[in-house]
Amino acid sequence: MSDIIRREEFGEVAILHVTTTSVDAISAAAIAAECQDMRPITVLDFSEVSFINSAGISALLKFVVSARKSGYKLFAMHVSPHHQKIFKMVEMSRFMPTIEERDLAEYRIAS
């Protein structure tokens with residue numbers, strides 16, 4: 001397990017809690033590495049993240065597009081309004097839409 005990611009699993013769902021306040025190329029690579037063991041549904045929790053630089057956006061976008069092309073469903077949770085705007089501008093939200101924590105309850109019950 002990475003120092004940058006704390007992983008929780010509920011059956012078909014993996015929640016990756018990003019535990020760093022800043023996402024850059026290194027932490028985005030750690031996120032991608034943690035996802036080597038993908039679940040059909042993976043949620044990236046950005047509640048601790050206050051800054052994402054351009055290298056982090058680029059690395060995340062490559063990972064997200066690749067995972068979606070491979071058939072995995074990705075969601076983002078606890079994304080700040082500022083980062084939501086950036087995700088929309090680079091079309092990341094097209095491949096990794098936001099989800100509310102309460103909407104994960106159905107997956108937790110099913111597992």
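Start with the sheet of this predicted model by selecting β1, β2, β4 and β6, which in that order form an open sheet of four strands with mixed pairing. Colour β1 (5-10) and β6 separately, since these are the edge strands, each of which pairs on one side only. Looking across the sheet, you can follow a twist that averages 20° from one strand to the next.

Next, select strand β4 (residues 41-45) together with β6, and you will find the two paired in the parallel sense over five bridges. To see one of the bridge pairs, pick Asp45, whose partner in β6 is Met77. Now add α2, the helix that packs on the sheet, where α2 touches both β4 and β6, and its direction makes about 140° with that of β6.

From here, turn to the side chains and display the largest nonpolar core, which has 26 residues, with Phe46, Leu60, Phe63, Phe87 and Met96 having the most contacts inside it. The elements that give two or more residues to this core are β2 (13-18), α1 (25-34), α2 (54-69), β6 (73-77) and α3 (81-89), and α2 gives the most, with five residues. In soluble globular proteins, nonpolar side chains tend to be buried together.

Centre the view on Leu60 and, leaving aside its neighbours within four places in sequence, show the residues in contact with Leu60, namely Val23, Ala28, Ile31, Leu44, Phe46 and Met92. As a last stop, select Val13, Ile15, Ile41 and Leu104, which are among the nine residues of another core, lying apart from the largest one.

Definitions and conventions. Residues numbered from 1 in each chain as written. Predicted model: local features only at pLDDT ≥ 70, side-chain atom pairs only at ≥ 80, totals over all residues. Heavy atoms only, no water. Core = buried A, V, L, I, M, F, W, Y, C linked by side-chain atoms within 4.5 Å. Buried < 20%, exposed > 50% of the residue type's maximum accessible area, 1.4 Å probe, protein only. Contact = heavy atoms within 4.5 Å. Pairing = 2+ DSSP bridges. Axes fitted to C-alpha atoms, helices over the stretch in contact; angles between N-to-C directions.
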